[in-house]
Every structure is written in C-alpha cells, then in structure tokens.
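Here's a quick walk through this one, cysteines up front and the overall layout at the end. Have the structure open while you read.

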Amino acid sequence: MTPIRMLYLALAIWGTIHPMSWFITWFNENTYDIMAMVDAWHVNAATSGLVWDLTVAAVTLTIWVIYETFQRKAWLNLLTIPATFCIGVSCGLPLYLFLRSRA
C-alpha cells in the first residue's frame, strides 16, 4: 500500500472514531433521540452554519461518488455514501479517496 493510501485510510479511521466518540458521549448524556441531536446542532447561528456547510459538502461528495462510480464501474465506492451520511464527511471523503486510489 502506498503512503498516500495509508494516509487516506488513517484519516478515514480518525474521521470515524473521533466524531462518533462525541456523538456517543452526547447520546449517553442526553437521549438516544436523533431529532434532539438535530435540535442541538441548530442551537445558534454558528452551529447551524456548520451543519449547512457539512451538508453541502456531503451532497457534493455524493454527487461526485455517484458520477465516478458509473464512469469507472467501481461499485464498492458507493459504500462511501452511507459512511458520509451516517458518520460524516470526515469519514466519507478520505474513505472515498482511499477506495478511489486502489489499483
């Protein structure tokens, strides 16, 4: 595996573990209600701006993944879409770059 692929994989792992640790901490301190978490994301203008920033990035990444998947016929790359929306762009983007850079 090339150094850049190892870096992409490390970033995908970090982008999974670090955000999920915060989400799990929040769920344990509050409730396991996803709508309560969405409300917490919109507690002020700064957090709402960040949510929309990440939403636009996630949609853009999804369009890119779908487009290139059909161009390259690399169907495994579609796994990055649920990773992006269930974990975050911090996982989905480096995971896509890792999968895309394989031989």
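## The cysteines

C86 sits out in the open: with a relative accessible area of 60%, this residue counts as exposed. C91 goes the other way, being buried at 5% relative accessibility. Keep in mind that this is a predicted model, so the side-chain positions here are computed ones.

So are these two bonded? A disulfide is a covalent bond between the sulfur atoms of two cysteines. For C86, the closest cysteine sulfur belongs to C91 and lies 9.8 Å away, which is too far for a bond. Looking from the C91 side, the closest cysteine sulfur is in C86, again 9.8 Å off and too far for a bond. The cut-off used is 2.5 Å between the sulfur atoms, and by that rule the count of disulfides is 0.

## How α1 meets α2

Helix α1 covers residues 3-29 and helix α2 covers residues 34-41. Their axes come within 11 Å and cross at roughly 110°. That angle makes α1 roughly perpendicular to α2, and the crossing is right-handed.

Which residues in α1 and α2 actually meet? On the α1 side you'll find F23, W26 and F27. Their partners in α2 are I34, A36, M37, A40 and W41. Sort the residues of this contact by type and you get 8 nonpolar, no polar and no charged.

## A buried glutamate

Next, have a look at E68 in helix α3, which runs over residues 45-72. Is E68 buried or exposed? With a relative accessible area of 12%, E68 is buried, since the cut-off for that label is under 20%.

As for its company, E68 touches K73, Y96 and R100, leaving aside residues up to four places away in sequence.

## The whole chain

Zooming out, the protein chain has 5 helices and 0 strands. Read from the N terminus, the order of elements is simply α-α-α-α-α. The C-alpha trace spans about 45 × 25 × 20 Å along its principal axes.

The chain has 103 residues, and 27% of them count as buried; E68 and C91 are among them. As for contacts with a separation of 6 or more, 52% are between residues 24 or more positions apart.

Technical notes: Residues are numbered from 1 along each chain as its sequence is written. This is a predicted model: local features need pLDDT of at least 70, side-chain atom pairs count only at pLDDT 80 or more; totals for chains, interfaces and linings use all residues. Side-chain values use heavy atoms; hydrogens and water are left out. Axes are lines fitted to C-alpha atoms, for helices over the stretch in contact, and angles run from 0 to 180 degrees between N-to-C directions. Helices (H or I, at least four residues) and strands (E, at least two) are DSSP runs, numbered from the N terminus. Angles under 35 degrees count as roughly parallel, over 145 as roughly antiparallel, 65 to 115 as roughly perpendicular and the rest as oblique. A crossing is left-handed if the near helix is turned anticlockwise from the far one by less than a right angle, and right-handed if clockwise. Contact means heavy atoms within 4.5 Å. Ala, Val, Leu, Ile, Met, Phe, Trp, Tyr, Cys and Pro count as nonpolar, Asp, Glu, Lys and Arg as charged, and the others, Gly among them, as polar. Buried means under 20% relative accessible area, exposed over 50%, partly exposed in between (1.4 Å probe, protein chains only).
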